[in-house]
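Let's take a friendly walk through a structure together, going from its overall layout to a ligand site. Have the viewer open and follow along.

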Amino acid sequence: MADQSIEDRYFRLLKSYVMGPKEEHLAAAAELGRELVTADVPEEDVAEIHEKALRLLAQESPDMTLEDVAHLISGPLMEMFMAYGLAFRERLEERRRTEEELRKHRDHLEGLVKERTAELVVAKDRAEESDRLKSAFLAVMSHELRTPLNSIIGFTGIVLQGLAGPLSEEQAKQLGMVQGSARHLLELINDVLDISKIEAGEVEIDPKAFDVREAIEKAAQKVGLSAEKKGLALTVDVAPEVGRITSDRRRFEQIVVNLVNNAVKFTEKGEVRVECCLSEDRLVTCVKDTGIGIKPEDLGKLFEAFRQLGDGLSRPQEGTGLGLSICKKLVALLGGGIRVESKPGEGSVFTFTLPKLWSA
Ligand SMILES: Nc1ncnc2c1ncn2[C@@H]1O[C@H](COP(=O)(O)OP(=O)(O)OP(=O)(O)O)[C@@H](O)[C@H]1O
Ligand SMILES: [Mg+2]
């Protein structure tokens, strides 16, 4: 419905026209006609306003019939309707122009999006290619580094055993340090090699049936000495129904060793437990510790490569921050998933699940 002020003005206009000199009001009628369009008054409402004004006028002039009034005001009425029609057409034209412009903008935008997408695809391909090259380079480099390192470790071992002549206590101590550092470096290089190979898609899974208890016990044994040195109990609890699974035994052991290694490294007192059971057709393995735990805000970062927690300056534990990242990638390759729950000061539980039967 049109607003009251328009109705009032309409009525006043007609009234002054009926009462006074006619020409003066033609411009006002045209103005009102345009305004009806601007105010979005639809045609039906204009007709209604008009009827109402006519009736009021006839009531106020008892000597005139409705027809007389209608006849009297036909001049400004024509004026008004012409202005109304004109303004209406202008409006339509304007809307058409706006739509046309919008369409042009949209076409332009679509073109731009297509262009940018194509650029992004090229950039992504390039980034992926250099990532592959980087991984391939690292894999080759690590391999080249391992050969001389193995020879350093081997020959220091021979010298340490006294096979090349007697050593003083100080010489033996320092040579021991050389050997320790070389072993550490070799571990690091092996990790880098692993990560690069996984990332370059060069890790082959070698699926065979194996006894899970045996594999876990063997893995735990590798870390047994460090646990013992710290006075930590290291227990393995494999549910009787677990038996054999078909997966890559070497990779499975590597995952367990990594997790148990971390558990021992980040625990000062208490125990480290490896538990394993079946849940439907999946093997669930947990490594639990009573160590320093992990802050909730750090949980999401753990599995990133080279990510170590702490402030980076006072970190007392050694390592490169590759262990968990390797674990996550290996578990994924074996068709499973890994997750962690932890409470700072109380301990952590790393759980990974694998299908009982690996399939590519
Ligand atoms: N059981 C755990 N308890 C507390 N913090 C842990 C535990 N396991 C991992 N973290 C945290 O996650 C970080 C990343 O672990 P990750 O195994 O990837 O690296 P790392 O053990 O430091 O080095 P690397 O395994 O390469 O020798 C660790 O530095 C440590 O801060
Ligand atoms: Mg580690």
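The paragraphs below go from domains to a helix pair and then to the ligand. Please keep in mind that this is a predicted model.

Start with the whole chain. The domain assignment splits the protein chain into domain 1, residues 1-203, and domain 2, residues 208-355. Their C-alpha centres are 46 Å apart. Where the two domains touch, six residues of domain 1 are in contact with seven residues of domain 2. On the domain 1 side of this contact you will find four nonpolar and two charged residues, with no polar ones.

Now turn to a pair of helices. Packed helices are described by the angle between their axes and the distance between those axes. Helix 8 spans residues 249-265 and helix 9 spans residues 323-333; their axes come within 10 Å and cross at roughly 150°. The crossing of helix 8 and helix 9 is left-handed. From helix 8, the contributors to the contact include Arg-251, Ile-255 and Leu-259, while those from helix 9 include Ile-326, Cys-327 and Leu-330. By class, the residues of this helix contact comprise six nonpolar, five polar and one charged.

The same two helices bring us to ligand 1, since helix 8 and helix 9 each supply at least two residues of the shell around it. Helix 9 gives the largest share, three residues. In total, 22 residues surround ligand 1, and the closest are Asn-262, Leu-309, Gly-319, Gly-323 and Leu-324. Two of these names, Asn-262 and Gly-323, also appear in the contact of helix 8 with helix 9. Sorted by class, the shell around ligand 1 holds 11 polar, eight nonpolar and three charged residues.

Definitions and conventions. Residues numbered from 1 in each chain as written. Chains lettered and ligands numbered in written order. Predicted model: local features only at pLDDT ≥ 70, side-chain atom pairs only at ≥ 80, totals over all residues. Axes fitted to C-alpha atoms, helices over the stretch in contact; angles between N-to-C directions. Helix = DSSP H or I, 4+ residues; strand = E, 2+ residues; numbered from the N terminus. Left-handed = near helix turned anticlockwise from the far one by under 90°. Nonpolar A, V, L, I, M, F, W, Y, C, P; charged D, E, K, R; others polar. Near = placed C-beta within 6 Å. Domains from an automatic or database assignment.
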